[in-house]
Amino acid sequence: MDQNIERMLREINTLEKKVNIMEVCGTHTMSICKNGIREIITENINLISGPGCPVCVTDNGHIDFIYELALKENIIITTYGDMIRVPGSNPEISLGKAKGMGADVRIIYSSIDAVEIALKNPDKLVVFLGIGFETTIPATAAAILEADIRGIDNFKVFSVHKLVEPVMKAVLSNEELNVDGFIIPGHVATITGVKGFEFLENYDCYSSIVGFKGEEVIYGLFQMIQNIKNGNKKVGNAYKSIVSKEGNKVAMELYNEILEPRDDVWRGIGCIPNSGMKIKEKWSKYDIEESFPYKEDKNRKISPCKCGEVLIGKIKPKECPLFGNGCNPINPIGPCMVSSEGSCAAYYKYNT
Amino acid sequence: MDQNIERMLREINTLEKKVNIMEVCGTHTMSICKNGIREIITENINLISGPGCPVCVTDNGHIDFIYELALKENIIITTYGDMIRVPGSNPEISLGKAKGMGADVRIIYSSIDAVEIALKNPDKLVVFLGIGFETTIPATAAAILEADIRGIDNFKVFSVHKLVEPVMKAVLSNEELNVDGFIIPGHVATITGVKGFEFLENYDCYSSIVGFKGEEVIYGLFQMIQNIKNGNKKVGNAYKSIVSKEGNKVAMELYNEILEPRDDVWRGIGCIPNSGMKIKEKWSKYDIEESFPYKEDKNRKISPCKCGEVLIGKIKPKECPLFGNGCNPINPIGPCMVSSEGSCAAYYKYNT
Amino acid sequence: MKKTITMAHGNGGVLTSEIINDVILKTINGNTLENMTDATIVDDKYGFTTDSFVIYPHFFNGGDIGKLSVCGTVNDLVMGGCIPKYLSLSIILEEGYEIEKLQRIVESVKTTCNYSNVKVVTGDTKVVDKGHGSGIYINTSGIGEKIENLNLGRDNIRAGDAVIITGDIGDHGVSILCEREKLLDGQLSSDCMPLVKLIPLIKKYAKYIKIMRDPTRGGVATTLNEFVENSEISITIQEEKLPINEKVAGACEIFGLDPLYSANEGKGIIVIDGTVASEFIEEVKNINEFKNAAIIGEINKEEHGKVLYKSRFGGRRILGKLTHDMLPRIC
Amino acid sequence: MKKTITMAHGNGGVLTSEIINDVILKTINGNTLENMTDATIVDDKYGFTTDSFVIYPHFFNGGDIGKLSVCGTVNDLVMGGCIPKYLSLSIILEEGYEIEKLQRIVESVKTTCNYSNVKVVTGDTKVVDKGHGSGIYINTSGIGEKIENLNLGRDNIRAGDAVIITGDIGDHGVSILCEREKLLDGQLSSDCMPLVKLIPLIKKYAKYIKIMRDPTRGGVATTLNEFVENSEISITIQEEKLPINEKVAGACEIFGLDPLYSANEGKGIIVIDGTVASEFIEEVKNINEFKNAAIIGEINKEEHGKVLYKSRFGGRRILGKLTHDMLPRIC
Amino acid sequence: MCLGVPLKITEINDKNGIGEINGIIKKFRLDYLKEVNVGDYVMVHAGFAIERISQDTADEIKEALEELDEKIIELQKERR
Amino acid sequence: MCLGVPLKITEINDKNGIGEINGIIKKFRLDYLKEVNVGDYVMVHAGFAIERISQDTADEIKEALEELDEKIIELQKERR
Ligand code: SF4
Ligand code: SF4
Ligand SMILES: [Mg+2]
Ligand SMILES: [Mg+2]
Ligand SMILES: [Mg+2]
Ligand SMILES: [Mg+2]
Ligand SMILES: [Mg+2]
Ligand SMILES: [Mg+2]
Ligand SMILES: [Mg+2]
Ligand SMILES: [Mg+2]
Ligand SMILES: [Mg+2]
Ligand SMILES: [Mg+2]
């Protein structure tokens with residue numbers, strides 16, 4: 001092992017008080033599990049997985065809606081691979097199942113691919129499922145702009161995009177929880193800048209912006225532990241190679257031109273004000289909700305899934321009575337089990 | 001072998017002058033081939049296959065039309081199995097090929113099945129391909145009536161029905177030909193009655209109404225040879241067990257209520273006045289030509305196929321330069337090779 | 001335009017041999033169908049054979065795709081002169097297929113294996129996307145032990161040999177066609193059956209048997225043609241000797257089908273030395289499963305390489321190979 | 001609601017063993033996967049195996065479905081401790097498939113058979129209706145001659161044994177996924193290759209080899225789990241020892257894939273007595289085709305029945321079987 | 001165009017009939033053949049009964065041959 | 001949400017870039033990262049470059065540890 005890594009681990013493991021540190025990004029959850037980081041750090045550090053996987057937090061109703069769209073004739077659904085297996089209000093509803101029933105559902109890697117598909121299928125309506133936090137919101141905005149410039153009018157977006165700040169605030173305002181520090185997702189911060197997380201300084205907690213490789217996570221923990229030792233509650237940046245103070249202003253301007261905040265339902269958590277992103281009036285011709293309005297079903301059955309509590313870090317996946325006992329990656333009940341970066345799935349896969 | 005059959009064969013084989021006898025029904029062609037009848041009768045009797053297979057005589061243009069219909073969305077084509085492989089203006093056009101390309105083409109045994117399919121598929125247009133002579137015309141009429149009674153409005157017919165009398169007259173008026181006697185199709189006569197063929201008595205030829213089993217064909221030949229020997233040119237009836245003088249009047253009334261003659265093109269032969277049957281104005285809501293008008297393509301390429309000459313008995317299949325030499329049941333060029341009762345196919349299969 | 005596969009390439013008739021000979025065999029070993037029989041003897045001791053089963057419907061009167069998959073390979077081994085021993089079972093499932101159906105099919109495999117005294121020793125399962133299968137396709141391959149003193153091959157056939165069928169002709173093909181096209185509400189039944197009970201007789205008459213084949217796709221007519229095509233002998237079969245189930249005959253009359261071109265899945269055609277034919281057929285008929293067996297014709301030299309059909313009126317015609325699949329017709 | 005087949009039933013992971021164990025094996029012989037290895041030894045002399053190939057695209061960098069069909073069965077025989085001898089070739093064609101493509105595929109079968117010194121001795125061709133296939137599916141079954149003094153089986157595995165892979169991990173699965181999803185314009189290449197050149201070494205080290213397997217569907221992680229599940233031993237593999245092609249590693253980083261769960265079609269995993277492992281691996285690496293072979297881990301008793309993955313930081317985690325197929329993802 | 005099948009009627013329900021041949025039960029329609037009864041034989045073509053079968057063809061053939069015999073006898077008488 | 005990949009830019013055509021990692025060539029978009037040049041490293045997420053990578057994380061780590069060392073030395077100095 002690299003000497004510097006060893007040195008950092010040693011420093012981390014000198015921490016003598018117990019702390020709860022929450023990662024809010026599923027990729028961090030994965031990296032921690034995959035690299036066996038829990039096994040190599042002091043038991044004083046309790047790593048909690050928070051609401052970081054946009055796949056996990058997408059509401060049942062939204063999945064049901066896109067599933068039904070997929071089953072319509074002459075509609076092509078384009079989506080990042082992550083969403084394929086996410087179940088809606090029951091396990092038989094998912095984009096994968098729709099595909100199995102003959103729907104035209106295509107996995108894409110970039111939102112621009114969806115625009116290309118629209119161009120090649122002028123007689124079909126091509127719907128792009130916009131998911132994710134600040135990292136993917138500009139990509140959706142760029143696709144809309146591209147469609148506009150190229151005069152493609154069979155391209156529509158279903159935006160279930162979410163913002164990080166409101167949900168972190170929701171976590172912080174939950175009195176049952178006791179989070180001492182946040183591992184901030186490095187790529188969200190790349191867009192928002194360190195500035196985008198300075199709101200945390202108004203709370204009583206430590207934080208560091210962290211990259212995703214094993215080394216980077218260790219470095220982030222190292223930085224946070226230093227700050228804890230020093231009582232330094234300023235937002236740390238352990239991802240300086242990419243993340244700047246101001247972030248990517250062009251990207252933010254781009255998405256603020258095309259989308260705007262709205263109240264949104266987080267699966268398992270509930271409605272959080274101004275936490276979702278919708279397409280602005282001006283760009284509504286690209287909004288699928290204009291042609292197929294999304295209606296929330298207030299009478300929806302409440303799932304036995306404890307994702308909500310897992311997502312805000314109140315319980316660990318294993319504490320859900322369904323974990324591995326009815327709910328597993330093959331038959332996921334809750335969204336946390338679906339996405340490979342969902343907390344439950346990550347715990348299940350790497351069952352450390 | 002049955003003594004009576006032997007006796008009849010002996011009588012048939014006493015014929016000393018050379019005669020040309022034409023069967024106008026493909027099923028007779030098949031029966032003659034299948035039972036090896038040519039081999040057991042005197043060489044003085046030359047059996048010629050005439051224009052008897054309604055599959056064979058259906059014009060390219062009509063096949064092209066139904067093929068294109070089949071490829072449209074939300075259309076179900078229903079057809080007797082006979083039409084599946086008949087090629088249109090090129091070998092790549094057939095209902096079978098359309099089916100291969102995903103079209104919904106269903107083989108039915110009775111026209112009433114098409115009505116049932118329409119009932120079960122209210123959101124599809126169900127088109128029944130009406131083919132055949134007087135034997136199947138009443139079945140088409142009955143289906144239209146049934147749809148009407150049951151208020152089914154997604155049922156349509158494409159009628160390429162043909163009448164026997166006009167084409168027999170066309171054969172008789174062809175000066176190059178020298179037909180001494182006709183084997184009249186027993187089931188057509190069942191409908192039209194002996195009366196329906198009495199027009200033949202105005203021509204210089206012998207004729208017998210004949211059934212389709214080997215015994216029946218031999219019996220029919222026996223009767224005709226007797227008549228030839230006796231110089232009796234009245235229409236013979238060697239199928240008395242079924243065929244009456246007057247025929248099935250109910251059936252004829254039924255189809256005359258719903259369909260009426262029109263000029264029609266016979267593949268390989270050309271247009272014969274009043275030889276086809278179209279749906280009457282009054283029932284036009286069941287006529288697919290009302291919604292999708294059939295336009296004849298005057299510039300259609302003329303096929304090298306000699307079916308026309310085969311069909312009127314001018315040449316035998318083997319005399320066509322393409323027979324077995326580019327044209328065979330697997331890659332049929334002309335319609336006579338397609339239907340298993342087509343003259344060329346029957347000759348090919350039983351290559352006697 | 002590019003040449004493409006048509007349904008007729010799979011019907012066991014003319015185009016099937018064309019694709020097998022011209023594309024597959026010519027490439028793989030420079031030879032034609034001649035050398036690639038249904039069961040091939042390897043190391044002079046074992047028979048090896050394979051078949052994929054793509055039948056629809058999966059469940060039919062008289063069997064299901066599971067039973068059929070075992071029968072097909074067991075019968076190829078028996079007809080290839082082997083005692084069937086081991087089977088492989090490879091299943092291609094389509095997304096969305098009901099597991100309960102799979103269960104029933106596998107149970108049927110089991111039962112048929114037991115009857116045939118063979119064991120499934122290796123297997124495979126694949127799943128294909130919805131819209132890329134037909135619920136289930138099954139491949140079985142089989143290994144059998146060569147029966148001693150048996151020397152099968154077209155070259156052994158001589159004028160004077162008798163042609164035997166072990167039961168009624170065409171049951172499987174006609175009944176499946178009717179089930180698939182939803183005609184006759186399942187009044188017919190497939191003959192799907194393993195031919196293992198013939199083994200003792202095959203052993204006993206080993207030195208008299210010239211060639212055997214189960215006339216599946218393409219039917220009796222096609223199989224007989226394969227026995228004699230390009231040879232100097234011919235086969236004459238007689239209409240009145242053909243055993244045909246009367247219901248099948250009725251269905252053929254109704255829909256214009258021909259049992260001679262219809263598949264059989266529990267029948268063998270055996271060409272045997274004429275001198276023992278009547279003795280052999282009696283023994284065959286004594287086995288309950290084969291009580292309708294019959295001598296349907298004989299080998300002669302009337303026409304080189306042809307199969308001749310003699311009608312009950314004495315008329316003769318040539319009986320060719322299957323060209324295209326039969327369809328129910330009205331004329 | 002009725003239970004139906006899902007794509008995950010075919011990915012070679014957890015659900016595949018479930019369907020094989022609970023539906024097929026339990027019915028056929030009352031046993032579970034344990035007794036149904038990829039190649040089964042019959043009559044104590046021959047190995048018998050089968051596989052169907054449903055890959056799409058049919059032509060890919062590094063091979064095609066024809067080559068793959070031969071490699072799959074040849075490799076199952078070699079890994080089952082046999083010298084491959086005879087193959088069957090059964091093809092299911094979809095109506096409309098281009099004959100020229102079929103021709104190329106069959107040529108590829110031929111070439112790969114020649115390389116592997118096996119013969120196709122029996123075959124079958126079926127055609128399915130348009131919309132009921134994927135152009136072409138191939139089944140190959142194979143017979144091989146058992147190598148002497150070799151006694152393979154999970155029961156032989158002991159703590160201290162070494163786990164060897166004969167080359168880079170995950171090439172096939174990652175490259176096919178990228179080709180199918182039209183990512184990376186074919187910059188990757190499948191490892192599709194017959195393992196026959198290992199045979200002399202397998203013979204030489206016969207008494208030291210405990211078990212062998214080609215980690216196809218489900219990848220290395222799933223195969224290793226199958227070696228130890230329900231046993232009292234465990235396997236620990238080390239991140240830094242895993243040979244991974246750098247381009248494959250790059251693709252995995254871009255699309256969030258894991259080479260350990262990705263199929264290999266030209267690799268063997270060999271568990272060998274630890275005392276000869278370094279000697280053996282040197283000989284393996286001397287063969288050009290296997291120059292990237294590596295000892296990737298060892299058998300121990302750290303956790304009963306588990307596969308453990310030790311990261312480069314010393315952290316350990318459990319490496320489970322594949323649950324669902326990998327998809328390219330962005331998070 | 002003439003593939004007909006002779007069925008023995010076993011059941012009639014208005015326009016729908018059921019008939020039998022060789023033990024095979026087949027439905028058919030009676031739209032244009034009304035005056036038939038259970039037990040009658042009908043010729044069915046494309047799913048419709050087209051006519052009642054009044055006698056067996058074999059009988060018809062027999063009759064025809066008997067007629068011929070009579071004629072021959074007459075002819076012989078005349079010649080004598 | 002954060003699966004990013006560091007690419008070395010090999011080509012730029014307006015909004016379309018081509019980059020390389022481990023010998024793999026990958027297209028990406030530059031819609032919201034304009035001021036980059038061939039040879040630069042960028043972090044690409046979901047097909048879009050989100051930022052230029054200014055240095056290697058390893059260097060960052062090294063710097064951080066050096067900083068720590070300095071602090072420790074200072075601390076020790078202070079203690080002394
Ligand atoms: S284990 Fe399943 S049910 Fe429980 S919280 Fe996780 S995803 Fe929800
Ligand atoms: S052989 Fe073919 S081309 Fe010639 S007349 Fe007959 S069908 Fe037409
Ligand atoms: Mg759709
Ligand atoms: Mg259609
Ligand atoms: Mg076989
Ligand atoms: Mg077979
Ligand atoms: Mg397998
Ligand atoms: Mg066979
Ligand atoms: Mg195998
Ligand atoms: Mg295998
Ligand atoms: Mg076969
Ligand atoms: Mg294997």
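A residue counts as buried here when under 20% of its relative accessible area is left, and as exposed when the figure is over 50%. Keep that in mind as you look around this predicted model. Below are a helix in chain B, a metal site in chain C, the shell around a ligand, and the way chains C and D pair up.

**A helix in chain B**
- Helix α11 of chain B runs over residues 214-230, which makes 17 residues.
- From first C-alpha to last, α11(B) reaches 24 Å, close to the 24 Å expected at 1.5 Å a residue.
- Most of α11(B) is covered, with 14 of its 17 residues buried.
- Right after α11(B) comes B:Gly231, which has a positive phi of about 65°.

**Magnesium in chain C**
- The magnesium ion (ligand 6) has C:Asp51 (OD) and C:Asp76 (OD) as its protein donors, lying 2.3 Å from it.
- These two sit 25 residues apart and link distant parts of the chain: C:Asp51 is in strand β2 (residues 46-53) and C:Asp76 in helix α2 (residues 65-79).
- C:Asp51 and C:Asp76 are both buried.
- C:Asp51 also bridges ligand 6 and another magnesium ion, ligand 5, and the two ions lie 3.7 Å apart.

**Around ligand 1**
- The residues surrounding ligand 1 include A:Cys305, A:Lys306, A:Phe323, A:Gly334 and A:Met337.
- That shell splits into 10 nonpolar residues, one polar and one charged.

**Chains C and D**
- A turn of 180° with a shift of 0.0 Å along the axis lays chain C on chain D, at an RMSD of 0.0 Å.
- That's how a two-fold axis relates copies.
- The copies meet through the same surface, because 100% of the interface residues of chain C are also interface residues in chain D.

Definitions and conventions. Residues numbered from 1 in each chain as written. Chains lettered and ligands numbered in written order. Predicted model: local features only at pLDDT ≥ 70, side-chain atom pairs only at ≥ 80, totals over all residues. Heavy atoms only, no water. Least-squares fit on C-alpha atoms with pLDDT ≥ 70 in both. Contact = heavy atoms within 4.5 Å. Near = heavy atom within 4 Å. Nonpolar A, V, L, I, M, F, W, Y, C, P; charged D, E, K, R; others polar. Donors = N, O, S within 2.8 Å, 3.2 Å for Na, K, Ca; no water. Helix = DSSP H or I, 4+ residues; strand = E, 2+ residues; numbered from the N terminus. Buried < 20%, exposed > 50% of the residue type's maximum accessible area, 1.4 Å probe, protein only. Expected span 1.5 Å × (residues − 1).
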